[in-house]
Amino acid sequence: MDEVLHGHSKAAQGPAGFKQNEYTKIHHVIGVISGKGGVGKSFVCGSLAVELARSGARVGILDADITGPSIPKMLGLAGERATAVNDILVPATTKGGIEVMSANLVLENETDPIVWRGPVIAGALRQFFEECAWGELDYLLVDMPPGTGDVPLTVFQSLPIEGVVVVSSPQDLVQMVVGKAFNMASMMSVPVLGLVENMAYVTCPHCGEKIWPYGPSHLAQTADEYGIDALGELPIDPALAAACDHGTLEDELPQGFLPKAVDAIVSTCEFDDAKASGAAE
Ligand SMILES: Nc1ncnc2c1ncn2[C@@H]1O[C@H](COP(=O)(O)OP(=O)(O)O)[C@@H](O)[C@H]1O
Ligand SMILES: [Mg+2]
């Protein structure tokens with residue numbers, strides 16, 4: 001595991017970095033971030049996990065959006081509880097084999113509001129990483145809290161994040177909300193794997209024509225401005241909104257829904273593995 005950590009986890013080596021425990025061997029940690037809430041960050045994070053898992057990878061999601069957890073519900077884990085064995089948490093597992101750790105899985109009542117202050121949230125994040133038996137995972141996706149505040153900063157500083165996927169709404173692209181997320185990742189020296197535009201268009205159910213309610217996409221232009229990859233525009237799909245509500249995203253997500261974003265993750269991680277094994281020789 002040592003070379004895994006050395007290969008690509010600057011954060012894990014720092015004094016504040018969370019360490020992996022003896023029940024955990026996580027090869028790659030990828031963040032999913034957004035400039036603000038409500039753009040579909042969790043939806044994209046969940047969808048990426050589903051696609052990676054379908055490809056045969058071992059996948060976990062650390063729901064770091066402690067005060068707005070939505071991963072368990074969309075993956076059919078509403079009402080489930082993470083178990084604890086000798087103070088070590090055991091993540092819940094979806095029927096497709098995705099491991100999930102989330103505040104909603106440890107709360108007495110899922111509807112309890114989370115009114116924790118920053119240090120308590122940071123403590124929960126640490127527990128979800130260091131005191132959780134993740135087993136061996138190819139990818140741990142981190143659903144980051146929205147924005148650029150205290151908690152995302154803690155995540156960036158403490159978790160060995162190898163790269164981030166930025167999710168934005170069409171309006172965010174215009175209003176430069178993306179810039180904040182991008183700049184935060186840059187300041188923390190975390191590579192940005194690319195930009196996904198969510199809810200960009202709707203497909204007419206009658207004729208199949210794509211309708212762009214917010215006007216033509218600014219994705220390519222914005223990605224160009226920041227020198228990052230455009231990882232595709234995603235439709236507004238009522239069937240997927242319903243799937244998130246009903247916890248059936250794993251079944252309902254169309255095959256190859258966000259291929260460019262999946263490829264960006266897989267190829268970056270393969271590249272880092274190659275670098276690490278080259279360096280080890
Ligand atoms: N492309 C989409 N099509 C349909 N519904 C979506 C889409 N993206 C997100 N949603 C819905 O919008 C809501 C907000 O998405 P969510 O992923 O929770 O946002 P965030 O994590 O950025 O706050 C959710 O109810 C989700 O199911
Ligand atoms: Mg969310």
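This section describes the confidence, strand pairing, ligand shell and selected residues of a predicted model.

Confidence in the predicted model was considered before any local feature. The protein averages a pLDDT of 90. A score of at least 70 is reached by 94% of the residues. Residues 1–15 stand apart from this, with pLDDT under 50 throughout. The model has 26 contacts beyond four places in sequence for residues 1–15. Where pLDDT is low, the predicted coordinates should not be read in detail.

Strand pairing was examined next. Strand 1 covers residues 24–34, and strand 7 covers residues 135–143. Strand 1 and strand 7 pair in the parallel sense, with eight bridges. Within strand 7, L140 lies opposite V29. Strand 7 also pairs with strand 2, which spans residues 59–63. The pairing of strand 2 and strand 7 is again parallel and has five bridges. Here I61 faces L141 of strand 7.

Strand 1 has a further parallel pairing, over six bridges, with strand 8. The bridge partner of I33 in strand 8 is V166. Strand 8 and strand 9 also pair in the parallel sense, over five bridges. V166 stands opposite L195 in strand 9. V166 is thus a point of reference on both sides, opposite I33 and opposite L195. Strand 8 runs over residues 161–168, and eight of its eight residues are buried. Strand 8 is therefore largely enclosed by the rest of the structure.

The surroundings of ligand 1 comprise 18 residues. G40, K41, S42, A241 and C244 come nearest to the ligand. Three elements give two or more residues to this shell: helix 3 (41–54), strand 9 (192–203) and helix 10 (238–246). By type, the shell holds nine nonpolar, seven polar and two charged residues.

A UniProt annotation overlaps with this shell. The unreviewed UniProt entry places a "binding site" feature at G35, K36, G37, G38, V39, G40, K41 and S42. Of these annotated positions, G40, K41 and S42 are also among the residues that come nearest to ligand 1.

Two glycines of the annotated stretch were examined individually. G37 is placed in the loop between strand 1 and helix 3. G40 is placed in the loop between strand 1 and helix 3 as well. G37 has 14 C-beta neighbours inside 10 Å, so it counts as partly exposed. G40 is buried, because 23 other C-beta atoms lie within 10 Å. The cut-off for a buried residue is 20 or more. Their contacts were listed without neighbours within four places in sequence. G37 is in contact with G68 and P146. G40 is in contact with V167, N198 and M199.

Helix 10 was followed through A243. A243 is buried, since 20 other C-beta atoms lie within 10 Å. Beyond its neighbours within four places in sequence, A243 is in contact with T248, L249 and E252. The chain also brings M74 and A243 together across a separation of 169 residues. Their C-alpha atoms are 7.0 Å apart.

E225 and L240 give a contrasting pair of values. E225 and L240 are 15 residues apart in sequence, with 31 Å between their C-alpha atoms. E225 is found in helix 9, residues 219–226. E225 is partly exposed, because its count of other C-beta atoms within 10 Å is 14.

Backbone geometry singled out two loop residues for mention. D87 is a residue other than glycine with a positive phi, near 70 degrees. D87 is found in the loop between strand 3 (83–85) and strand 4 (88–90). With 7 C-beta neighbours inside 10 Å, D87 counts as exposed. S189 likewise has a positive phi, of about 55 degrees, although it is not a glycine. S189 lies in the loop between helix 8 (177–187) and strand 9. S189 has 10 C-beta neighbours inside 10 Å and so counts as exposed.

Technical notes:
Residues numbered from 1 in each chain as written. Chains lettered and ligands numbered in written order. Predicted model: local features only at pLDDT ≥ 70, side-chain atom pairs only at ≥ 80, totals over all residues. Near = placed C-beta within 6 Å. Helix = DSSP H or I, 4+ residues; strand = E, 2+ residues; numbered from the N terminus. Nonpolar A, V, L, I, M, F, W, Y, C, P; charged D, E, K, R; others polar. Pairing = 2+ DSSP bridges. UniProt positions renumbered as here; feature names shortened; annotations may be inferred. Buried ≥ 20, exposed ≤ 12 C-beta atoms within 10 Å, placed from the backbone. Contact = placed C-beta atoms within 7 Å. pLDDT = per-residue confidence, 0-100.
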